[in-house]
Amino acid sequence: MPPHALPSSSGQITHRRTPPSFIELPRLKRISTLQRVLFRWHHSSATRVILTGTFDNWKQSIVVPRDSNYVDEFSIVLVLDRLVRHEFKFLVDGEWRCSYAFPTSFDESGFVNNCIEAVSVDTLSDMAFEQGGFIGKRRTDVPSDRIADKRARRH
């Protein structure tokens, strides 16, 4: 009688499912599409800086605080979905301004805005791999030539 066939109390043979076999899989990392993005308004004697864009539906809702480390700068960190393209602008003392620290593009109305381009899932995965699995935090204990070697072996 095969090991997976068992006699029942009535004398008939019942079949038991063969137990599944298991294989070891490497632990997969979950990669978040959300990343911390630093927005900084440099060298300003402004009294009030507001950040607005597609991420707040242009509601002018994000007041950027003065950076405590630099007297003439304002900064804020937002967590944004990097699979989405974001357009934004700064409102500095009531005047619309673009930052030189970010790329610019024209919107459908012809206005110039700063932008953060969307990245692919593969790019996010590469960024997580290069940064030791932590988006936005670069590992400094791994020499950059080792990272380049690993990237070359994957392609």
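Where does Asp93 lie in the chain? I began with this residue because the model is predicted and I wished to start from one backbone position and work outwards. I located Asp93 in the loop between S7 and strand S8 (95-97).

**Entry 1: two backbone positions**

I read the phi of Asp93 as about 50 degrees, a positive value, although Asp93 is not a glycine. I noted the general rule alongside: most residues other than glycine have a negative phi. I then checked the cover of Asp93 and found a relative accessible area of 42%, so I recorded this residue as partly exposed. I entered Gln60 on the same page, since at 36% relative accessibility it too counts as partly exposed. Gln60 has a positive phi of about 55 degrees and is not a glycine. I placed Gln60 in the loop between S4 and S5.

**Entry 2: the chain as a whole**

I next looked up the overall plan. The protein chain has two helices and ten strands. Read along the sequence, its pattern is β-β-β-β-β-β-β-β-β-β-α-α, so the strands come before the helices by DSSP numbering from the N terminus. I noted that the chain has 155 residues, of which 30% count as buried. Among contacts with a separation of 6 or more, I found that 58% join residues 24 or more positions apart. The accessible surface came to about 11500 Å², with 54% of it belonging to carbon and sulfur atoms.

**Entry 3: the nonpolar core**

Which residues touch the most other members of the largest nonpolar core? I listed Phe39, Val49, Leu51 and Phe90, within a core of 17 residues. I then traced where the core residues come from: S3 (34-41), S4 (49-53), S5 (62-64), S6 (74-81) and S7 (86-92) each supply at least two. S6 gives the most, with four residues. I kept in mind that nonpolar side chains tend to be buried together in soluble globular proteins.

I followed Val49 further. Setting aside residues up to four places away in sequence, I found that Val49 touches Trp41, Ile62, Val63, Val64, Phe74, Phe90, Leu91 and Val92.

**Entry 4: aromatic rings**

I counted seven aromatic pairs. One of them is formed by Phe88 and Phe90, whose ring centres are 6.1 Å apart with 80 degrees between the planes. I recorded this pair as edge-to-face, because planes over 60 degrees apart are classed in that way. Phe88 and Phe90 are both buried. I also noted that ring pairs link Phe39, Trp41, Phe55, Phe88, Phe90 and Phe102 into a cluster. Phe39 and Phe90 thus appear in my notes on the core and again in those on the ring cluster.

**Entry 5: cysteines**

How many disulfides does the structure hold? I found zero. Cys98 is in no disulfide, and the nearest cysteine sulfur belongs to Cys115, 9.3 Å away. Why is there no bond from Cys115 to Cys98? The two sulfurs are 9.3 Å apart, which is too far for a bond; the cut-off is 2.5 Å. I compared the cover of each residue. Cys98 is partly exposed, with a relative accessible area of 24%, whereas Cys115 is buried, at 3%.

**Entry 6: Ser105**

I looked up Ser105 after finding it among the residues in contact with Cys115. Ser105 is found in strand S9 (residues 104-106). Is Ser105 buried or exposed? It counts as buried, at 14% relative accessibility. I found a polar contact of 2.8 Å between the side chains of Ser105 and Arg85. Leaving aside neighbours within four places in sequence, the contacts of Ser105 are Arg85, Glu87, Phe111, Val112, Asn113 and Cys115.

**Entry 7: Asp67**

My last entry concerns Asp67, which is found in the loop between S5 and S6. With a relative accessible area of 10%, Asp67 is buried. What does the side chain of Asp67 reach at 2.8 Å? I found the backbone nitrogen of Asn69 at that distance. A polar contact of 2.8 Å also joins the side chains of Asp67 and Arg40. Leaving aside neighbours within four places in sequence, I listed Arg40, Glu73, Phe74 and Ser75 as the contacts of Asp67. Phe74 is also on my list of residues that Val49 touches.

Note on methods:
Residues numbered from 1 in each chain as written. Predicted model: local features only at pLDDT ≥ 70, side-chain atom pairs only at ≥ 80, totals over all residues. Heavy atoms only, no water. Core = buried A, V, L, I, M, F, W, Y, C linked by side-chain atoms within 4.5 Å. Buried < 20%, exposed > 50% of the residue type's maximum accessible area, 1.4 Å probe, protein only. Contact = heavy atoms within 4.5 Å. Phe/Tyr/Trp six-rings, centres within 6.5 Å; stacked < 30°, edge-to-face > 60°. Polar contact = N/O pair within 3.5 Å; in protein donor to acceptor, adjacent residues only side chain to side chain. Areas by Shrake-Rupley, 256 points an atom, 1.4 Å probe, with all protein chains shown as cover.
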